Amino acid sequence: MFVLYFGIFVIHANLTSIFLIIPKLLIHTNDFIFHSIKFYFPMLSLSIFLSIPVFLLEKNFKCKYKIHIYMFLFFFSHLFFLFFHNSYFYLFISMLFFFIIFNILEANFPSSVSKLSYKKIKGTTLGIFSCFQFMGIFFGGLISGFINYSYGFYFVILFCVILIILWFFINIL
């Protein structure tokens, strides 16, 4: 159960970290001042729309290592941020990819916690799960804010990548 708790912690820490640096990345593409709504709204809408076929296909896809595949894709989306953040188009694509994977993980985790917990303590396990979500948001914002202020957004992305690698190693143990 701790693997799921830590997983939700990591994806929410990453979410907060990415939202912290996106305005700075949009400034690097020279498209932030009046066009941020043209970035966020289509990207978030499209990510939700593109997540639906993945949800439908996922029900038929039985794989023991499905979570590892999602971890790798989540990791890859961060590497895409790291190397292709100077272009508006590539930044849009990397954010889209990030949010598709985030939506899939966000939907799968509560379901998995609910399935794995005992009936008598299902509410408690879901409550602990929610605590880990909010701790991830807090931790991601706190640490990423410090890293961004002190070292820059490259190191925020590296922090996110390190969290994902740590999550992977915790998951395979």
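**Close-up views of a predicted model**

**View 1. The largest nonpolar core and the helices that build it.** In this predicted model, the largest nonpolar core comprises 47 residues, and those with the most contacts inside it are I22, F39, F74 and W167. Two or more residues of this core come from each of the elements α1 (2-28), α2 (36-60), α3 (66-83), α4 (88-116), α5 (122-150) and α6 (153-172). The greatest contribution, 14 residues, is made by α1. In soluble globular proteins, nonpolar side chains tend to be buried together.

**View 2. The surroundings of W167.** W167 is one of the residues with the most contacts inside the largest nonpolar core. When its neighbours within four places in sequence are left aside, W167 is in contact with V3, F6, G7, V10, I11, I67, M71, F74, L105 and F109. F74, listed among these contacts, is likewise one of the residues with the most contacts inside the core.

**View 3. The largest pocket and its lining.** The volume of the largest pocket is about 560 Å³. Its lining consists of 20 residues, of which E58, K66, I67, N108 and S112 are the closest to the centre of the pocket. At least two lining residues are supplied by each of α1, α2, α3, α4 and α6, and the largest share, 6 residues, belongs to α4. Sorted by class, the lining holds 10 nonpolar, 5 polar and 5 charged residues. I67, one of the residues closest to the centre of the pocket, is also in contact with W167.

**View 4. Two positions in helix α1: T16 and P23.** T16 is located in helix α1 and counts as buried, because its relative accessibility of 19% falls under the 20% limit. Apart from its neighbours within four places in sequence, T16 is in contact with I137, G140 and G141. P23 is also found in helix α1. P23 counts as partly exposed, because its relative accessibility of 25% lies between the limits of 20% and 50%. Along the chain, P23 and S36 are 13 residues apart, and their C-alpha atoms are separated by 8.1 Å.

**View 5. The cysteines C131 and C160.** C131 has a relative accessibility of 45% and therefore counts as partly exposed. C160, with a relative accessible area of 1%, is buried. A disulfide is a covalent bond between the sulfur atoms of two cysteines. A search of the whole structure finds 0 disulfides.

Notes:
Residues numbered from 1 in each chain as written. Predicted model: local features only at pLDDT ≥ 70, side-chain atom pairs only at ≥ 80, totals over all residues. Heavy atoms only, no water. Core = buried A, V, L, I, M, F, W, Y, C linked by side-chain atoms within 4.5 Å. Buried < 20%, exposed > 50% of the residue type's maximum accessible area, 1.4 Å probe, protein only. Helix = DSSP H or I, 4+ residues; strand = E, 2+ residues; numbered from the N terminus. Contact = heavy atoms within 4.5 Å. 1 Å grid on protein atoms, 1.4 Å probe; cavity = no way out; pocket = protein on both sides within 12 Å on 5 of 7 lines; lining within 4 Å. Points joined across faces, edges and corners; volume = space filled by probe spheres on them. Nonpolar A, V, L, I, M, F, W, Y, C, P; charged D, E, K, R; others polar. Disulfide = S-S within 2.5 Å.
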